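Hi,

Here is the structure I said I would pass on. Have a look at it first, and my notes on what turned up are underneath.

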Amino acid sequence: MPRWGVVIYPGSNCDRDLVHVLGTVLRQDVELLWHGEGDLRGLGSGDWILLPGGFSFGDYLRPGAIARFSPIMESLRRFVEGGGYVLGICNGFQILCEAGFLPGALVRNLSTTFICQRQYVLPVGDSVLTRYLPRRALDLPIAHSDGRYYVSEDVLRQMKKNNQIVFQYCTEDGRVVEEANPNGSVENIAGVCDERGRVFGMMPHPERNADPLVCPRPDGLLVFQSILRSVETDMGVVSVSN
Amino acid sequence: MTQPAQTTLDDAIAWGLTPQEWQRILQLLGRTPNPTELALFGVMWSEHCCYKNSLYWLKTLPREGKAILAQPGEENAGILALPQGLACVFKVESHNHPSAIAPYQGAATGVGGIHRDIFTTGAFPIATLNAIHFGLPHEERPRWHLEGVVRGIADYGNSFGIPTVGGQTLFDPVFTETPIVNAMSVGIVPQDRIIRARVHQPGYLVGIAGAPTGKDGLRGAAFASRNLQTDRRQEDLPAVQIGDPFLEKVLLEAILEAHQKGYIVAMQDMGAAGLACSTLEIAARSHLGMDIYLNHVPLRHKKMEPWEILLSESQERMLILIREQDLHNVQKIFTRWETQFTPIGKVTQRPTVRYFWGKTRIAEVPPTALMAGQGAPIYRRPWREPHYQHTIRTFQEQTIPLPNNLKEVAEFLTQHPNLCSREPITRQYDHMIQLGNRSVWFPADSAVIRVPQTQYALALTLDGNPWYVHADPYIGTWITIAEARRNLLCTGAEPLGITNCLNFGNPYDPTVYWQFVNAVQGMGDACRYWHLPVTGGNVSFYNQTEKGPILPLPIIGMVGLIQPITRQKTLAFQNPGDLIYLIGPTSSSLGSSQYLIFYHGIRLSPPPFFDFRIEDRLHQLIQALWKLPGIQSLHDISEGGLWSALLEAAIPLQKGFHIQWEPTIRPDAFLFGEGQSRILVSIQPEAASQLEATCNRYQIPFIHLGTVTSGDIRVQNQNWETIQYWTQLYQSGLKPYLPS
C-alpha cells in the first residue's frame with residue numbers, strides 16, 4: 001500500500017476534501033505537508049503526493065506563479081527522482097506546470113469566467129493513473145477560471161509519442177469533440193503526465209465525485225482505486241532511474 | 001488628557017443624528033462629546049448599526065425553540081443545536097447600497113462579511129446562499145449590476161473555498177437603481193467549542209488579526225442608513241469596502257488553528273463601524289471596559305486620523321481576545337499563515353471603553369450608551385396604508401383576457417428571466433467544493449449539504465417574493481415562510497429555524513413603515529404557528545431613490561435537518577410510466593403571478609390564494625409521504641405555477657410528460673397561477689392508491705394529472721413538442737446577459 005501526502009499552501013482549499021476521500025472513504029494513510037517546509041515525512045518510492053485545488057497565495061499574479069517558489073517544490077523534485085508519484089489537481093496542476101514538472105500551461109477559460117459543473121472526461125493511455133480505469137466517459141466535476149490547457153504543437157507531438165495525455169474532455173457517450181470542450185483546451189486535454197509517467201496533472205476533481213453517501217455513481221473514486229490497483233499490481237515494474 | 005470638547009448640534013446633524021438624539025447623547029455622557037466621541041455615536045446610532053426604527057418590532061418575533069443555543073443579538077449569528085453534539089451557525093446580511101454603486105466589490109465584501117459573522121463563533125462555513133435582485137436584464141444598468149454582483153460573489157466565495165449552493169435571482173424594474181444583494185452563510189461547530197463574543201473578567205489582551213486597516217469603507221454604515229442618491233454615486237464610492245478572499249482564507253485558517261490550540265477567549269468580527277463597533281460590543285456584552293491604543297493598529301495608509309482608524313470598514317479583520325501569556329504562540333500561528341495578530345489593548349474592570357493615541361486619550365465612552373436596544377434610541381414610526389392597496393383589493397380576475405394560445409404563454413414564461421435556468425449564474429459559483437452538496441446529484445427544492453463527519457445533511461433555502469409582499473405584506477410574508485417550509489419538507493427535511501433579511505424603503509415614509517410592520521407581524525405569526533424560532537436577522541432600510549422605494553422584500557433563510565441523509569427527496573421525474581399527481585387545492589388564483597405581472601403587465605393584484613390551515617395539513621401530508629414507498633419525486637409549486645414546476649421536474653433527467661385535467665377553472669390559472677399549498681408528485685403506478693388514500697386522510701385534494709414519458713410532452717391531448725425543445729428555451733433565458 002502506498003502512503004499519501006497532501007501539500008497545503010496558504011490559499012489551498014481542496015486539501016480537506018482530498019483528506020476526506022483518501023482517509024475516510026478509502027481508509028488510506030495520509031500526511032499533511034506544509035508548503036514552507038521541505039520535510040516529506042518519510043514519503044518515498046511508490047508513495048503519492050497530491051497538490052490540491054484552491055487559490056495558492058490568492059493566485060493573483062497567475063495561478064501557481066508564487067507557489068512554485070515554495071520550499072517544498074525542491075523536495076518534490078527529489079521525491080519524484082526517488083520513485084515517488086505526484087498528482088496535481090486543478091490549482092495543483094497549475095502549480096506543476098508553472099514549476100516545470102509538466103509541459104504546457106493553463107490559461108484563462110475561453111468564457112473568461114469561472115466554470116463549475118459536472119463534466120465527462122475520457123481516460124487515455126496506459127499510465128499508472130489511468131491503467132485500471134474503465135474506458136468510458138467518467139463524471140468528474142470541474143471548477144476553475146484558468147483551465148484551458150495550452151501547449152505548442154511541437155511539444156504536443158512529443159507528448160503524444162510518449163503517451164503523456166491522460167484525460168480528455170468528452171461527451172456523455174465518450175466522444176472527444178469540440179462541443180464537449182468546456183474551456184478551450186488544446187485537443188480537449190484535461191490531464192497530462194511527465195515523460196516518465198510519475199508526475200500527473202488534471203483539471204477535473206475526482207474527489208468531488210467520490211463519496212458514496214453524497215454521489216450516486218462515484219466515478220472519481222475509480223481514479224483513486226485505479227492508482228491503488230496500479231501500485232499493488234505493478235509495484236515491481238516501477239523502475240527507479242537516476 | 002482627553003481631546004477638548006467642541007462639538008455642537010450642527011456636528012451631530014452632519015452625522016445624521018437628530019436634535020433629540022443630540023440631547024440624549026449629552027444626557028448619557030453627562031457632558032458634550034468631543035469630535036471622535038460624536039463620530040462614534042453618529043455611526044453606532046445609525047440605522048445600520050442600532051436598528052433604531054426596527055428593533056421594537058423585531059423583538060416581537062418568536063425566539064423560543066428547543067434547538068436554540070444563542071438568543072438573537074447575544075452572539076454574532078443564530079445558533080441551533082444539531083445531532084452528535086454539533087451546532088449550526090447561520091445568518092443573512094444585506095450589501096445593497098455598496099452593490100448599487102460598485103457591484104463587484106459590494107457583493108464580494110458582502111460574502112466576506114457574512115462568512116466572518118459565522119467563523120467568529122469558531123464555526124467552519126460549509127455553505128453560502130444568496131438572494132440577488134436586479135432591474136430587467138435587457139437594460140444596461142441592471143446588466144452591469146448582475147454581471148458585477150455574480151462575479152463578485154463567485155470570485156470571493158470560490159477563492160475562500162465555501163460552496164455557493166442556492167438562493168434566488170429575480171428581476172423587476174423596481175430594482176433598476178437599487179439592486180438587493182443578500183448573502184447567507186452556514187457553518188458548523190461542536191457545541192462545546194463555540195467562541196463567544198464576551199468575556200467574564202478583565203485582563204485579557206485585545207488584538208486585531210488579519211488585514212491592516214485602511215481608509216476604505218469609511219462611513220459605510222452611515223451610507224447604508226440613508227436613501228441612495230443617484231447624483232452622489234462618485235462621492236459615495238469611498239464608503240464601499242474592498243475585499244480580498246485570500247486574506248480572509250488565511251485569517252480563517254489561522255483562527256481555526258489558534259482555536260484548536262485553545263488560545264481564543266472571545267472574538268468579534270469587524271464589519272460595520274469596524275474597530276469601534278467590535279470593541280464596544282464585546283465590552284458592552286461583558287459588562288467590562290477596554291483600553292485601546294489606536295497607534296498600535298497596523299495601517300495600510302500612512303496618514304490616518306484616529307476617528308478613521310476607529311471607523312474604517314477595511315475587510316478581513318477580527319478582534320480577538322487572548323490570555324497575555326499566549327501572545328507569542330498566537331503570533332507565531334498568524335505569521336505562519338502569512339497574516340498577523342497585533343495586540344492593541346486590554347480588557348479593564350472599569351466599564352468604559354477608552355481609545356488612546358500613545359498617552360493621549362482620544363475618546364472615552366460607556367459602551368452600553370452606544371448599543372442597540374440599550375443607550376441607542378428605539379422608535380416606532382407612524383404608518384399608514386398606501387393608496388395602491390385600494391386598487392389591489394378591487395382587482396377583478398375576469399377582466400384579464402384568456403390568451404388564445406397557451407403554448408405561446410408557456411414559451412414566454414419558460415424563457416422569462418425570473419423563471420428560466422439559473423445555470424449561467426450558478427456555473428460561475430463553485431457549488432461542489434467541500435464535497436457535501438448532494439443537490440448536485442439529486443436536485444431538490446432546497447440545497448442539501450451533508451454535514452462533515454456525519455450521516456445527516458442540512459437543507460437550506462433563501463427565498464422571498466417581493467410581488468406577494470407588495471400585494472399584502474402580512475400575507476405575503478406568511479407565504480414566504482410557508483413556502484420555505486414546504487421546500488424543506490419536499491426535500492425530506494425537518495425545519496429547525498429561520499433567519500431573515502428585511503429589505504425595505506425609507507422607514508420615515510409611513511407607507512413603507514406600514515409594509516415593514518405588517519411583514520414582521522406576518523413573519524411572527526407564521527413562525528409561532530409552526531414553532532419556528534427566528535434566530536436573528538438583518539434589516540436594510542433606505543432602499544430607495546428619488547423615484548421611490550423598492551418592492552418590500554423580506555428574505556427568509558430556513559435551515560432543516562435530513563437525518564439520515566438518505567431520507568432526501570428529489571424533485572426530478574425518474575422513469576417513464578410513473579404517475580404524476582397535483583396535490584393541493586386548485587384555485588382560480590392569478591394574483592401576483594409572474595404570468596399576470598409580466599405577460600399581462602398587471603402590477604397590482606392580490607397575493608395568490610393562501611390558507612394556512614390547508615398549508616399546514618399539506619405539510620403533514622408531505623411528511624407522511626416521506627415514508628411512502630414508490631414516491632419518486634416531490635416538488636413545490638411556486639413562481640410560474642404548475643407549468644414551471646413540471647418543467648423543473650422534467651429537465652434534470654430529460655423526461656417528458658402527458659397531462660390532462662377536467663377544466664373546472666380557466667386553463668391559464670390552472671397552468672400558470674401561483675395558488676399556494678400545492679406540490680407536484682411522481683410515483684410508481686402500483687403505489688398510487690396509497691398516495692390517494694394518504695391525501696384523503698389529510699383532507700387534501702389531488703388530481704391525477706398524467707404520466708412521465710421518455711421525452712414527449714402533451715398537454716390536454718395537444719402536442720407540445722419534446723423536452724429537448726423546452727430545455728433549449730429554459731436554458732436560453734439568461735444567456736444573452738452573462739458571459740458564457
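Before the strands, one bit of vocabulary: two strands count as paired if DSSP finds at least two bridges between them. Also bear in mind that this is a predicted model.

With that in hand, start at strand β22 of chain B, residues 631-636. β22(B) runs antiparallel to strand β24 (residues 679-683) of chain B, and five bridges join the two. If you want a spot to click on, B:L634 sits opposite B:V681 in β24(B). Is β22(B) mostly covered or not? It is mostly covered, with six of its six residues buried.

There is also an open sheet in chain B. Its five strands come in the order β14-β15-β20-β16-β17, and the pairing is mixed. At the edges you will find β14 (447-450) and β17 (534-540) of chain B; each has a single partner strand, so one side of each has no neighbour in the sheet. On average, neighbouring strands here are turned by 20 degrees against each other, ignoring direction. Within this sheet, strand β16 (residues 494-503) of chain B runs parallel to β17(B), joined by five bridges. There, B:N500 stands opposite B:G537 in β17(B).

Now for a helix pair. Helix α16 (residues 406-415) and helix α26 (residues 723-732), both of chain B, pack with their axes 7 Å apart and at an angle of about 45 degrees. That angle makes α16(B) oblique to α26(B), because it falls between the under 35 degrees of roughly parallel and the 65 to 115 of roughly perpendicular. Which residues of α16(B) and α26(B) meet? From α16(B) they are B:K407, B:A410, B:E411, B:T414 and B:Q415, and from α26(B) they are B:Y725, B:W726, B:L729, B:Y730 and B:S732. By class, this contact has five nonpolar, three polar and two charged residues.

A few backbone oddities are worth a look too:

- B:Q563 and B:P564 are joined by a cis peptide bond, with omega about 0 degrees. B:P564 is in the loop between β20 (553-562) and β21 (579-583) of chain B.
- A:R41 is not a glycine, yet its phi is positive, near 50 degrees. You will find A:R41 in the loop between β2 (30-34) and β3 (48-51) of chain A. Its relative accessibility is 41%, so A:R41 counts as partly exposed.
- B:A273 also has a positive phi without being a glycine, at about 60 degrees. B:A273 is in the loop between β8 (266-269) and α12 (274-286) of chain B. Here the relative accessibility is 0%, so B:A273 counts as buried.

One more residue to look up is B:N518, which lies in helix α20 (residues 510-529) of chain B. B:N518 has a relative accessibility of 17%; the cut-off for buried is under 20%, so B:N518 counts as buried. Leaving aside residues up to four places away in sequence, B:N518 touches B:P473 and B:Y474. Its C-alpha atom is 45 Å from that of B:Y204, which is 314 residues away along the chain.

Last, a word on confidence. Chain A averages a pLDDT of 95, and 96% of its residues score at least 70. Over residues 236-242 of chain A, though, the pLDDT is below 50, and this stretch has 11 contacts in the model beyond near neighbours in sequence.

Cheers

Terms used: Residues numbered from 1 in each chain as written. Chains lettered and ligands numbered in written order. Predicted model: local features only at pLDDT ≥ 70, side-chain atom pairs only at ≥ 80, totals over all residues. Heavy atoms only, no water. Buried < 20%, exposed > 50% of the residue type's maximum accessible area, 1.4 Å probe, protein only. Helix = DSSP H or I, 4+ residues; strand = E, 2+ residues; numbered from the N terminus. pLDDT = per-residue confidence, 0-100. Contact = heavy atoms within 4.5 Å. Axes fitted to C-alpha atoms, helices over the stretch in contact; angles between N-to-C directions. Parallel < 35°, antiparallel > 145°, perpendicular 65-115°, else oblique. Nonpolar A, V, L, I, M, F, W, Y, C, P; charged D, E, K, R; others polar.
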